[in-house]
Amino acid sequence: MATLTEILSAATSGETPRGWRRAVVDAEGWSRVAAALGAGEGTLMGLWGEPAAVFMAVLDESESAVWILSLNCPEGSFPSVGRVHAPAQRLERTIRDLFGLQPVDAPDRRPWLDHGRWELAQPLAAAPQAPAAEMPPYAFLAAEGPNLHRIPVGPVHAGIIEPGHFRFTVNGEAVVRLEERLGYVHKGIEGLMTGAGLERAARLAARVSGDSTVAYSFAFARAVEAALGIEAPTRAVWLRALMAELERLANHFGDIGAIANDASFSLMLAHCSVLRERVLRVAETCFGHRLMMDRIQPGGVTHDLQADHQGVIRGLIDEARRRFPHLVELYEQTASLKDRTVGTGHLNPALARRFGAGGFVGRASGRGFDCRRSLAYAPYDELLFGAPIVHRGDVNARLWVRVVEVGQSLGLIDQILDGLPEGALTVDSNRLSAAAGEGLALVEGFRGDILVWVRLGEDGTVERCHLRDPSWFQWPLLEAVIDNNIIADFPLCNKSFNCSYSGHDL
Amino acid sequence: MALIIDLNIQFTEMFLVLLLSPLLTGWVRKVKARLLRRQGPSVWQPYRDLARLLKKEVVLAENASWLFRVAPYLIFAATWVAAALVPTFATGLLFSWCADLIALAALVGSARFFLALAGLDVGTGFGGIGSSREVMIASLAEPATLMIFFSLALIAGSTQLSTIAGFMQTPEVGLRVSLAMALVAMLMVAIAENARIPVDNPATHLELTMVHEAMVLEYSGRHLAMIELAASLKLLMYLSLVGCVFVPWGLSPVGGGLARHLLAAGLYVGKLAVGGVLLALFETSIAKMRVFRVPEFLGAALMLSLLGVLLLFVTRSF
C-alpha cells in the first residue's frame with residue numbers, strides 16, 4: 001500500500017502555497033487517504049464541509065506539512081472517513097447536520113450538533129430545508145448488564161460551567177461507559193462568517209471560545225494573511241506572541257488551581273487565582289482588555305506595548321517566578337492531593353496519537369506535537385523553548401505539563417520583551433483589500449492546536465471559514481479516559497482535560 | 001420552685017444548641033475563607049440562609065412519597081434531641097438521666113436511615129449515588145462509634161454522658177492509652193459523620209463527588225432548611241461530645257449557681273470556637289480522598305476503637 005506522502009504527492013495540483021499543501025482529490029483518492037489515516041499514517045487535523053464539497057486537513061508528520069484535501073461532491077455524498085478512522089466520526093456527523101452532505105457507509109448516523117431545535121435543517125446547505133416536525137429522541141449507545149444503571153448529568157450543571165450532557169453507565173462506582181452529548185452552545189459562527197467582511201469576521205473568530213480569544217484571533221489573522229499573501233509587520237507578530245503567552249499563563253494558572261479544587265483542595269485554587277488575576281490585570285493595563293479580545297486583527301495588532309508597560313510585564317514575571325515554585329512545592333508535598341491525581345484518568349499514548357490530541361492532553365501521553373515548534377511560525381521560530389513530554393498520561397501528568405508550560409511561557413515572554421523589534425503595528429490598509437485566495441493557519445492555543453482555514457472572495461469578504469478547536473479531538477478521549485475509573489473521579493479527569501464546549505459547538 | 005429552675009436551665013441548654021449551631025457552621029466557613037485569604041460571608045450568613053429557605057416555596061418531585069416530605073422533620077427532630085442530650089455547659093441537668101451514649105448512637109443512626117431513604121425516594125441518579133455512599137460510610141462509622149462508646153463506658157463505668165463527663169474531671173482517670181485511641185477514632189468518625197473533607201466536601205458543586213449533598217439535592221424550601229439546620233446541629237453535637245468527654249473542664253456541676261452556669265456556657269462557646277478553627281485548619285490542609293479510600297480511613301477508626309476496648313479488657317484482667 002502506498003504511503004500517505006505518495007498518495008498526497010500524486011494528488012497535488014502543482015502549485016503549493018507557503019507552509020501548507022493543497023490538493024483536490026476524487027472519491028477514490030479521498031478513500032485512500034482515509035484508509036491511510038485508519039492505518040495510522042498521518043494525523044487527521046480537521047474535516048469540514050461546504051455546500052458542495054468536503055475538506056480534510058491531514059498532518060503528514062514525515063514532512064511536517066499540513067495538507068488540505070478537498071473533494072467535490074455534487075451528489076451530496078462523500079466516502080466516510082469515520083468508517084476507518086474513528087476521530088472523524090463526530091466531524092462527519094457535523095457536516096451532515098450543517099450541510100446535508102451524507103458520509104457514505106458512516107458507522108454513526110445520529111445527528112451531532114443538531115438537537116432538533118433549529119429553525120432550519122442543514123442550515124448551511126445550498127438549499128436549507130424546514131426541520132422535520134419531530135426529531136426522534138437521541139439514541140445513546142447501549143450498555144446492558146444486570147448491575148448497571150445510568151446516570152444522566154447535565155446539560156445544566158451545578159457549577160457555573162458551560163452546558164454539555166454526560167450519560168454515565170455505572171456498575172456501583174465504576175464507570176462502564178460514558179457518552180457525551182454536545183452542541184448546546186452552537187452559535188452558528190461558521191454561518192455568520194460566510195459573507196462577512198474581514199473586520200466582522202475577525203470579531204466573530206475572537207468569540208469562538210472566550211478563554212482562547214487571543215489564539216483564535218491570532219490563527220484567523222494568520223489565515224487571512226496567508227490567503228492574501230501578505231505578512232504582518234514583525235513588531236505586530238511579536239506582540240501577538242506576547243499576548244498568546246499571557247493568555248496561556250492565565251489559563252494554566254486557572255487550570256492548575258481548578259484541578260486541585262476538584263479534589264477539594266481549595267488552597268491551591270485560592271493562590272492560583274491570585275496569579276491568574278495578576279496576569280489578567282497586567283493584560284488590562286498593557287492592552288486595554290483583560291482577555292485581550294479583538295487586539296489582534298488581520299494585518300497586525302491594534303494596541304502597541306508602551307515602553308513603561310514592559311516593566312509591568314517584567315514585574316508580573318518576577319512575581320510569578322517567585323510565587324509559583326512554592327505552589328508547585330505545595331502540590332508536590334500534599335500527599336492527599338497527589339493520591340487523587342496520580343494514576344487517575346490514564347490516557348493511552350496510542351489513542352492520543354490516533355486522535356491527534358493536542359496541547360497538554362497529547363503532551364502528557366507522549367505526543368509531542370506543538371504548532372509553535374512542529375509547524376513553527378513567526379516569531380516562535382526565533383525563540384527558544386523546551387518541549388515537555390510526559391508519558392504517564394494521568395491527571396498528574398496533564399497537570400505537570402501545565403506546570404512546565406508555565407515556566408516555558410515565562411521564559412518566552414522574557415525573550416519577547418528582550419527582542420521586541422520596533423516598527424509598524426499594521427500593514428497598509430490597502431494591502432488588506434480585496435483579493436481572492438485560500439489561507440490556512442495553525443496556532444498553538446493553551447488547549448492545543450487551533451486550525452483556521454479561510455477562503456476569501458473577490459470582494460474581500462469571507463466566502464467560507466472553518467475554525468477547528470483542539471477540543472474536537474480531546475472530547476472523545478475523555479470518554480476513553482474515564483473507563484474503569486470511578487465516577488467520583490470524573491470531575492478531576494474532566495478538569496484535567498478542560499475541553500471547550502463553546503469552541504467545539506461553534 | 002427548684003424544678004422550675006431546673007426545667008429552665010434544661011430548656012436553655014436545648015435552645016442554646018439550636019441557636020448556636022448555625023453560628024458554628026458560619027464560623028467554620030469564615031475561618032476557612034480567611035485561611036484562603038478570602039473575605040468570606042459573614043458568620044451570620046447561615047441564619048439568613050435558613051430564614052430565606054423557610055420563606056421559599058417547596059418544590060416537590062412528582063413522584064415524591066410521604067416519606068420524602070416527612071424525613072426532613074424526623075431528621076431534624078432526632079438530631080436536635082441528640083444534640084440537646086450532650087452535656088454542653090452543665091452536668092446533672094433535669095434530663096441528664098436519659099443522655100445515654102447508646103441512645104445518642106441510635107438517634108444519629110435513625111436520622112441517617114431516613115436521610116438515605118429520602119435520597120432514594122425520588123429515584124434520581126444522584127440521590128441513589130449519595131445514599132449508597134452514605135450507607136457504605138455508615139456501615140463502618142457506626143461500629144466504630146459503638147466501640148468508642150464502649151471504651152468510654154468501660155472507663156467511666158456508665159453509659160450516661162453526664163456521669164462520664166463528671167468522671168473525666170476526677171484525677172482517677174489518669175493518662176490512658178485506650179482513651180487516646182478513642183479520641184483519635186472519635187475525631188475520624190466525626191469527620192466522616194459530618195461530611196467534612198477528606199471524606200466529603202460540604203461546599204462542593206460537583207454532583208458526582210457528593211455524598212451528603214447528593215442525597216439532599218432534591219430538597220428545597222423549608223425541607224432543605226430543616227436538613228441544613230440538622231447538619232449544623234450534628235456538627236455542633238460532635239464537637240460538644242468531644243468537648244464534654246475529652247475536655248470536660250469548666251462544666252458546671254449539679255446544683256451550680258447561675259453565675260457558674262453562665263461562666264460554663266461562655267467556656268463552652270470558647271471550646272466550640274477553638275474546635276471550629278481546628279476543623280477549618282484541618283480541612284484547608286488536606287484534599288478529599290478517593291471514595292474507595294473512605295473504608296480504609298474508617299477501618300482505621302474502627303480498629304483503633306476496637307484496640308482501645310481490648311486494651312481495657314486486658315488491663316482489667318490483671
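The following exchange walks through a predicted model with chains A and B.

Trainee: Which helix of chain B has the highest mean pLDDT among the elements of that chain?

Mentor: Since the model is predicted, it is sensible to begin with confidence: chain B averages a pLDDT of 89, and 99% of its residues score at least 70. Among the elements of chain B, the lowest mean, 87, belongs to helix α6 (residues 161–168), while the highest, 95, belongs to helix α2 (residues 45–55) of chain B.

Trainee: How are helices α3 and α4 of chain B oriented to each other, roughly parallel or roughly antiparallel?

Mentor: Helix α3 (residues 66–85) of chain B packs with helix α4 (residues 101–121) of chain B at an angle of about 160 degrees, their axes lying 9 Å apart. Angles over 145 degrees count as roughly antiparallel, and therefore the relation between α3(B) and α4(B) is roughly antiparallel.

Trainee: How many nonpolar residues does the contact of α3(B) with α4(B) have?

Mentor: On the side of α3(B) the contributors include B:Leu67, B:Phe68 and B:Ile75, and on the side of α4(B) they include B:Leu104, B:Phe114 and B:Asp121. Sorted by class, this contact of α3(B) with α4(B) has 1 charged residue and 2 polar residues, and its nonpolar residues number 18.

Trainee: Which strands stand at the edges of the sheet in chain A?

Mentor: In chain A, 4 strands form an open sheet with mixed pairing, in the order β1-β4-β3-β2. An edge strand has a single partner, so one of its sides is left without a neighbour in the sheet, and in chain A this holds for β1 (20–25) and β2 (43–50).

Trainee: Which residue of β3(A) is the bridge partner of A:Trp48?

Mentor: Strand β3 (residues 53–60) of chain A pairs with β2(A) in the antiparallel sense over 7 bridges. For A:Trp48, the bridge partner in β3(A) is A:Phe55.

Trainee: At about what angle does helix α3 of chain A run to β2(A)?

Mentor: Two helices can be placed against these strands, and helix α2 (residues 27–38) of chain A packs on the sheet, touching β1, β2, β3 and β4 (65–72) of chain A, with its direction at about 140 degrees to that of β4(A). Helix α3 (residues 89–99) of chain A lies across β2 and β3 of chain A, and its angle to β2(A) is about 10 degrees.

Trainee: How many residues of chain A are in contact with chain B?

Mentor: The side of chain B that touches chain A divides into 10 nonpolar, 6 polar and 5 charged residues. These 21 residues of chain B meet a set of residues in chain A that numbers 24.

Methods: Residues numbered from 1 in each chain as written. Chains lettered and ligands numbered in written order. Predicted model: local features only at pLDDT ≥ 70, side-chain atom pairs only at ≥ 80, totals over all residues. pLDDT = per-residue confidence, 0-100. Axes fitted to C-alpha atoms, helices over the stretch in contact; angles between N-to-C directions. Parallel < 35°, antiparallel > 145°, perpendicular 65-115°, else oblique. Contact = placed C-beta atoms within 7 Å. Nonpolar A, V, L, I, M, F, W, Y, C, P; charged D, E, K, R; others polar. Pairing = 2+ DSSP bridges.
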